[in-house]
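Here are some short exercises to work through at your own pace. Have the sequence and the 3D view open as you go.

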Amino acid sequence: MRIFDPHIHMTSRTTDDYERMAAAGVRAVVEPAFWLGQPRTSVGSFTDYFDSLVGWEPFRAGQFGVRHHATIALNPKEANDPRCREVLDVLPRYLEKDGVVAVGEIGYDSMTPEEDEVFAAQLALAVAHGLPALVHTPHRDKARGVERTLAVVAESGIGAGRVVVDHLNEVTVRAVRDSDCWLGFSIYPDTKMSPPRMVELLRAYGTERVLVNSAADWGRSDPLLTRATGEAMLAAGFSDDDVDLVLWRNPVEFYGQSGRLDLSDVDAEPTFAGNSILRGGG
């Protein structure tokens, strides 16, 4: 089992997490730019953060044989803060950097007019820079948020196959599948999706265009839940090839559209410390 976590916030994780992830089969990750837990008050705080995503984190990951890529954006929550709006002016230079494989996270938090404007502007940047887009769906009123998301994506001119709509659940999966966008699912200990629920959705909707991630961040989350989902798939009768498609080939195909995905030094046949998932705190 080889694992590519397509959405994980390693800035918020410890070095021990990288070690545990590598032992569990995680060989590549994508880290989306996101909210840091408190308001940022200047553009400079964003540029320092972006510099870390394209510099320090790839180095830190590489010490454990994990290939690190990033997505760059003004996140939906901070799109509502006028102090952050100038970030849109600095994004183009980061969207040209090696290792940046998408524009993201973009989308909705509270579905405000400000979020509408910033979402549309960043989809336009994705088109201009030839990058895919990683879209965050709101935690509240999710069905309406997904409906609005898909409408904005359709209006933007970006190809549906270059967009992943993330944080989906049983209520929202069908609409996104029917839109031809990619389907993103975040596996969490208490909220969002669990491995058993994910298995049932894979039974119902199949394994094509599905990205499974841990989205591990500052809160209670587990960077090994991708591995747990793979094990749950095998226990439910899915094949090794099914698991490889969901946990490796699908994220490679999606982010490979950027032309910047570099997995040249990733082991084709990783070895693990034991046969089952390693548990522990972050």
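Below are three tasks, each with a worked solution.

This is a predicted model, in which local features need pLDDT of at least 70, side-chain atom pairs count only at pLDDT 80 or more, and totals for chains, interfaces and linings use all residues. Residues are numbered from 1 along each chain as its sequence is written, and side-chain values use heavy atoms, leaving out hydrogens and water.

**Exercise 1.** Find how many disulfides the model holds.

Solution. Start with the rule: a disulfide is a pair of cysteine sulfur atoms within 2.5 Å. Applying that rule gives zero disulfides.

**Exercise 2.** Decide whether Cys 84 is buried or exposed, then do the same for Cys 181.

Solution. First, the cut-offs: buried means under 20% relative accessible area, exposed over 50%, and partly exposed in between (1.4 Å probe, protein chains only). Cys 84 has a relative accessible area of 0%, so Cys 84 is buried. Cys 181 is at 1%, so Cys 181 is buried too.

**Exercise 3.** Work out which way the side chains of strand S7 (residues 182-186) point, and which strands pair with S7.

Solution. Helices (H or I, at least four residues) and strands (E, at least two) are DSSP runs, numbered from the N terminus. Trp 182, Gly 184 and Ser 186 point one way, while Leu 183 and Phe 185 point the other. Five of the five residues of S7 are buried, so S7 is largely enclosed by the rest of the structure.

Next, pairing needs at least two DSSP bridges between two strands. S6 (residues 163-165) runs parallel to S7, joined by two bridges, and Val 165 stands opposite Leu 183. S8 (residues 210-213) also runs parallel to S7, with four bridges.
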